[in-house]
Amino acid sequence: MTDEPHLLTEVDGHVAVIRLNRPKVLNALNLSLMQDLAGLMEQYDADAHIRVILLAGGERAWAAGADIGDMATATRAEMEQRDQFTQWERIKAIKKPIVAAVSGFALGGGCELMMHCDIVICSENAKIGQPEINIGVMPGAGGTQRLTRAVGKAVAMDIVLSGRFLSAKEALSYGLVSRVVPREHWLDEARRVAKDVAKKAPISLRHAKESVLNAEEKTLSDGLVRERQLFYDLFDTEDQKEGMAAFIEKRRPTFSGK
Ligand code: CO8
């Protein structure tokens, strides 16, 4: 009997759907899953047919964190040698929009993976947190940095130091997720959002994603300079001409990605 693949994939129009598939361990993120996930995302990022990546977990868990079994007896030197954060850097470098479909637990590395995505569609049953403090460690893949930029110091400290789980509603009120949907619609709604985004001009999507992410890393004035360059660049694209002509002619645009 062969093992189930830890990632399932499907292409739905211009949307590449990737599903985390380790349900027995609540989609715990081990090194080989993260390597394969980064590789798949890079493959879709380079594929001109794909415009949006949809990353989904299962109904009970998006991902309950890094695989604790992999780390339980590791020394500092072994952890450093594994160099696992390279995989996370590869995901951070993906240029196409990533929509997350989150249901159930999004904890530790799972919450950090969610924060690597661009639009987070979240079931009302989601439980989101950074509980590393309960097992004698702390977040290591952005859970103190991206989280603090997303929700501010006071809330980030509460989440990281108490290890408590947030409800979907709380996460929405803090700006950690984009939309909360009824539990029976979490995946359908995320697919709908991904397909809707995939109708937009691909170069505009890429530039807009880069520019929004710059707000996390650059100063306001540097971010504004880069925003202006990216905005001007779009006037060299066929899709800008098509988009504006379609508006004037009162028809739907057909974007070519050029
Ligand atoms: N790693 C490995 N196995 C896990 C994990 C995990 N993170 N989470 C759950 N499992 C396994 C359980 O061991 C259990 O396996 P088994 O059936 O063989 O006993 C199975 O999944 C089901 O879990 P539970 O029986 O515990 O289910 P409950 O509904 O009782 O509880 C919880 C669900 C609350 C989610 C609970 O499982 C839990 O607390 N999980 C751990 C959450 C956690 O601490 N996450 C943080 C991990 S550390 C981390 O993410 C650091 C990231 C650093 C950056 C990334 C670098 C790699």
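1. Buried area here is the accessible area (1.4 Å probe) that two parts lose on being put together, summed over both. On that basis, domain 1 and domain 2 bury about 800 Å² between them, with carbon and sulfur atoms giving 56% of it.

2. Some housekeeping before you dig in: this is a predicted model, where local features need pLDDT of at least 70 and side-chain atom pairs count only at pLDDT 80 or more, while totals for chains, interfaces and linings use all residues. Residues are numbered from 1 along each chain as its sequence is written, and side-chain values use heavy atoms, with hydrogens and water left out.

3. The split is 7-198 for domain 1 and 202-248 for domain 2, with bounds from an automatic or database domain assignment. Taken over C-alpha atoms, the domain centres sit 26 Å apart. Domain 1 puts 11 residues into the contact and domain 2 puts in six (contact means heavy atoms within 4.5 Å).

4. Which residues of domain 1 lose the most area to domain 2? They are R51, K95 and R149, together 41% of what that side buries.

5. Two salt bridges link the domains (a side-chain nitrogen of Lys or Arg within 4 Å of a carboxyl oxygen of Asp or Glu). Also worth a look is the salt bridge of E217 with K92, whose closest N and O atoms are 3.2 Å apart.

6. Now the ligand: 24 residues surround it, and R60, A64, A66, I68 and G109 come nearest (near means a heavy atom within 4 Å). Backbone N or O atoms do some of the contacting: one of A64 lies 3.0 Å from a ligand nitrogen, and one of I68 is also 3.0 Å from a ligand nitrogen. For G109, a backbone N or O atom is 2.8 Å from a ligand oxygen. The protein covers 65% of the 1100 Å² of accessible area that the ligand has on its own (Shrake-Rupley method, 1.4 Å probe).

Definitions and conventions
A polar contact is a pair of N or O atoms within 3.5 Å; within protein, one must be able to donate a hydrogen and the other to accept it, and residues adjacent in sequence count only if both atoms are side-chain atoms.
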